[in-house]
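Me: Could you take me through one part of this model in some detail? I would like to look closely at the nonpolar core, the sheet beside it and the charged pairs that go with them.

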Amino acid sequence: MRVLLVEDDPALCDFLVRVIQEAAWAVDPVVDGRGALAAMAGTDYDLVVLDLGLPDMDGLELCRRLRERGDRTPVLILTARQAVNDRVRGLDVGADDYLPKPFEISELMARLRALARRPPAVLGPVLQLRDLRLDPSSHVVERDGAPIVLTAREFALLEYLLRHPRVVVSRGQILEHVWDDNFDPVANAVDVLVGRVRRKVDREGLVPLLHTVRGVGYVLAERPPAGHAR
Ligand code: CA
């Protein structure tokens, strides 16, 4: 494994180099976007660890340029920015994962190992579970190869669930992530919305993916959670 580390903070950079070397991976540190592009022109890296705040260009811009020229090297973004918007933008420009600072080294390494394991076919910003695919940048949704037309809020719900596959999410979490603070949804808004998405996603003859966990919430998964009816 060979890792390109793009980080302009000297102390953090030195520290990360040591940590990555301890995992028995080769690592080349660079301090800016120009250095990263030059390094990647000459070397075929297995992973890129990318700081967003660089002196010469935004890390998002760098990531976008890499993807534009067809480079599919897995990119993990490091950033002090906590905003959901930045995270979404990072994934939209083709980053594969995102880790807010400060982070635990054990989590960074676990995420790098996970990225290193991923086959090239599943890399990229398209979210997928079984035969359900959602492209966050083009807003195209497909199930079993057939397009699914969703309203903006239905899309937001499905994207949220696809970003948390096989995790039971509560109605409160859905309310928080799918509606903004300016909108006061009616009491059963989540259930109504889930029902609409389910009718579109789990068409007759397809394996049901959107399951109800009674008294808790919902889960998007290949099979219903044990002990719970749909
Ligand atoms: Ca920085």
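Reply: Happy to; here is a walk through the core, then the sheet, then the calcium site and the salt bridges.

A word on the basis: this is a predicted model, in which local features need pLDDT of at least 70 and side-chain atom pairs count only at pLDDT 80 or more, while totals for chains, interfaces and linings use all residues. Residues are numbered from 1 along each chain as its sequence is written, and side-chain values use heavy atoms, with hydrogens and water left out.

Let us start inside. The largest nonpolar core holds 27 residues. Such a core is a set of buried Ala, Val, Leu, Ile, Met, Phe, Trp, Tyr and Cys residues joined through side-chain atoms within 4.5 Å; buried means under 20% relative accessible area, exposed over 50%, and partly exposed in between, with a 1.4 Å probe and protein chains only. Among the residues with the most contacts inside this core are Leu 132, Val 141, Leu 162 and Leu 220. At least two core residues come from each of β6 (127-129), β7 (132-135), α6 (152-163), α7 (171-178), α8 (189-201) and β12 (217-220). Helices (H or I, at least four residues) and strands (E, at least two) are DSSP runs, numbered from the N terminus. Leu 162 is a good residue to click on: leaving aside residues up to four places away in sequence, Leu 162 touches Leu 127, Gln 128, Leu 129, Leu 132, Leu 134 and Leu 220, where contact means heavy atoms within 4.5 Å. A second, separate core has 22 residues, including Ala 39 and Leu 54.

Now the sheet. Four strands form an open, antiparallel sheet in the order β6-β7-β8-β9; two strands pair if DSSP finds at least two bridges between them. β6 and β9 (146-147) are at the edges with a single partner strand each, so one side of each has no neighbour in the sheet. Further in, 4 bridges join β7 to β8 (residues 140-143), and Arg 133 stands opposite Glu 142 in β8. Helix α6 lies across β6, β7 and β8, at about 110° to β7; the axes are lines fitted to C-alpha atoms, for helices over the stretch in contact, and angles run from 0 to 180 degrees between N-to-C directions.

β8 also takes part in a charged pair. Arg 143 forms a salt bridge with Asp 202, their closest N and O atoms being 3.1 Å apart; the term means a side-chain nitrogen of Lys or Arg within 4 Å of a carboxyl oxygen of Asp or Glu. This pair links distant parts of the chain, with Arg 143 in strand β8 and Asp 202 in the loop between α8 and β11 (210-213), 59 residues apart. Both partners are buried. In the whole structure, 18 salt bridges are found. One of them joins Arg 2 and Asp 28, at 2.5 Å between the closest N and O atoms.

Finally, the metal. The calcium ion is coordinated by Asp 8 (OD), Asp 51 (OD) and Gly 53 (O), at 2.1 to 2.3 Å. Donors are N, O and S atoms within 2.8 Å of the metal (3.2 Å for Na, K and Ca), and water is not among the atoms, so sites may look incomplete. Asp 8 is partly exposed at 31% relative accessibility, whereas Asp 51 is buried at 5%.
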